[in-house]
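Dear colleague,

I am handing over the structure below, and after it you will find a description of what came out of the analysis. Please read the two side by side.

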Amino acid sequence: MSEELKARVLRIETLIDYQEGAVVSREIIRKNTGTVTIFAFDKGEGLSEHTAPFDAMVQITAGKAEITISGNKNVLEKGDMIIMPANEPHSLHALERFKMILTMIRS
């Protein structure tokens, strides 16, 4: 984490910008116990199905996304969150441009 982010009020939407045809990420916190990363997805972009060895929480801060966990599709919008369980396959798809915070707890 860069020092300029510590101990000050931050506006999430100013920490990361959309890029046409891309998924952009910025790690905000990295500790042995977990990470917090913000993402910006352009419409139609996504992350293909994969698994992670730890639980992860996604919070949508702008836009609309489809998050599929173990074959179950979930549509999330600004203000929504979902927990992706460890070792379960999941994928993300931008129904429109969206931004999210991903919090992964390593335990």
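Two strands are taken to pair if DSSP finds at least two bridges between them. On that basis, strand S1 (residues 23-31) and strand S2 (residues 34-41) are paired in the antiparallel sense, with 8 bridges between them. Please keep in mind throughout that this is a predicted model.

The same two strands, S1 and S2, make up a hairpin in which 2 residues lie between them, and within this pairing Val24 has Ala40 in S2 as its bridge partner. The hairpin strands also belong to an open sheet of 5 strands, which has the order S1-S2-S9-S4-S7 and antiparallel pairing. At its edges are S1 and strand S7 (81-84), each of which pairs on one side only, and the twist from one strand to the next averages 20°. At the S7 end of the order, strand S4 (residues 56-62) pairs with S7 over 4 bridges, again in the antiparallel sense, and there Met57 has Ile83 in S7 as its bridge partner.

There is also an open sheet of 4 strands, with the order S3-S8-S5-S6 and antiparallel pairing. Its edge strands are strand S3 (46-50) and strand S6 (72-77), each pairing on one side only, and neighbouring strands of this sheet are turned by 20° against each other on average, with direction ignored. Strand S5 (residues 64-69) is joined to S6 by 6 bridges, the two running antiparallel, and in this pairing Lys64 stands opposite Glu77 in S6.

One residue of S5 may deserve a closer look, namely Ala65, which has its place in that strand. Is Ala65 buried or exposed? Ala65 counts as buried because its relative accessibility is 0%, and the cut-off for that class is under 20% relative accessible area. Leaving aside residues up to four places away in sequence, Ala65 touches Ile60, Asn74, Val75, Leu76, His93, Leu95 and Phe98. Glu77, the residue opposite Lys64, is 12 residues from Ala65 in sequence, while the C-alpha atoms of Ala65 and Glu77 are 6.5 Å apart in space. When you look at this strand, it may help to recall that in a regular strand the side chains alternate between the two faces of the sheet.

With best regards

Terms used:
Residues are numbered from 1 along each chain as its sequence is written. This is a predicted model: local features need pLDDT of at least 70, side-chain atom pairs count only at pLDDT 80 or more; totals for chains, interfaces and linings use all residues. Side-chain values use heavy atoms; hydrogens and water are left out. Axes are lines fitted to C-alpha atoms, for helices over the stretch in contact, and angles run from 0 to 180 degrees between N-to-C directions. Buried means under 20% relative accessible area, exposed over 50%, partly exposed in between (1.4 Å probe, protein chains only). Contact means heavy atoms within 4.5 Å.
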